[in-house]
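Visitor: Please show me the structure, and then let us discuss the ligand and its surroundings.

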Amino acid sequence: MTRRLEGTVALVTGASSGIGRATALELAREGASVALVGRREDRLSDLAAEISKGGEQALVVPADITTPQAAAEAVERTVEGLGRLDTLVNNAGLMLLGPAPGADLEDWRRMIDINLMGLMYTAHAAVPHLVKAASQEPRRVADIVNIGSLAGRSAFAMSAVYSATKFGVGAFSEALRQELAGRHVRVSVVEPGSVDTELRTHNPAVIQQHIVAALGDIERLQSQDIADTVGYIVTRPRHMAVAELLVRPTEQV
Ligand SMILES: NC(=O)c1ccc[n+]([C@@H]2O[C@H](COP(=O)([O-])OP(=O)(O)OC[C@H]3O[C@@H](n4cnc5c(N)ncnc54)[C@H](OP(=O)(O)O)[C@@H]3O)[C@@H](O)[C@H]2O)c1
């Protein structure tokens, strides 16, 4: 089978777990060399070993990308280590839920710092490299895939600031898409419904119980479902851009 990302390089943020981990593996299966960004270096190293076993190159880039300097450094280390940058998957994120009145403002800041600022800083640093890759073989097109959320399409009680960050991801993605379209850098946003990952475990037990109760007894998405979605987006032909995909568990209303 032809591997459609052969000769290209991808950077995946939040590759140490969940959707990011599955996406890094998926892009490597398609032949991409992959830079793995996140704070938990041990997890990234395990993933790099797994990717290497499959015959692809993986670069571990431990970083907290909530500052412009760290995000830029992660991008530069990728280009230095792997030679170029064709695909950026902005996936790292944090979801801390609860009522807005009386909320811990530090929780709000942490979500905005990673879900929005980290994503934008990384995109800012990556754009010059993506524009360059889009002018070159093998694909003559490059991609930014931003992981938004169903909560970036509709706001829900208990998720005011998480939703605000994900609405922001949608707005940023659409404006950037318009700015880069002429240079063949595609910008997409993927908006998952509920996926079975570690995301909700960062909340206190009582909030986790609330999330479980609100969702009901449904079969949730798996990380691989979203990795497949990202894989679909970045392997489209050069003339085709998938701007936005909302992916729900079938039973999630
Ligand atoms: N799970 C869902 O139901 C769902 C639904 C819609 C959207 N999403 C979105 O999907 C994305 C991935 O989440 P997930 O569900 O896969 O959850 P997850 O397993 O908790 O993954 C989150 C990832 O983000 C990384 N991260 C967090 N803060 C970071 C920072 N400051 N610097 C660098 N990396 C950081 C984490 O790595 P380290 O801790 O190692 O840094 C981790 O790899 C998020 O943007 C989330 O909002 C998830």
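Visitor: Which residues come nearest to the ligand?

Guide: This is a predicted model, in which local features need pLDDT of at least 70 and side-chain atom pairs count only at pLDDT 80 or more, while totals for chains, interfaces and linings use all residues. Residues are numbered from 1 along each chain as its sequence is written, and side-chain values use heavy atoms, with hydrogens and water left out. A residue is near the ligand if one of its heavy atoms lies within 4 Å of it. There are 29 residues around the ligand, and those that come nearest are S16, R39, Y162, V195 and T197.

Visitor: How far from an oxygen atom of the ligand does a polar side-chain atom of T197 lie?

Guide: For polar contacts, the criterion is a pair of N or O atoms within 3.5 Å; within protein, one must be able to donate a hydrogen and the other to accept it, and residues adjacent in sequence count only if both atoms are side-chain atoms. A polar side-chain atom of R40 lies 2.9 Å from a ligand oxygen atom. For T197, the corresponding distance to an oxygen atom of the ligand is 2.6 Å.

Visitor: Is D143 buried or exposed?

Guide: D143 is placed in strand β5 (residues 142–147), strands being DSSP runs of E with at least two residues, numbered from the N terminus. Its side chain makes a polar contact with the side chain of R139 at 3.1 Å. Buried means under 20% relative accessible area, exposed over 50%, and partly exposed in between (1.4 Å probe, protein chains only). Because its relative accessible area is 0%, D143 is buried.

Definitions and conventions
Helix = DSSP H or I, 4+ residues; strand = E, 2+ residues; numbered from the N terminus.
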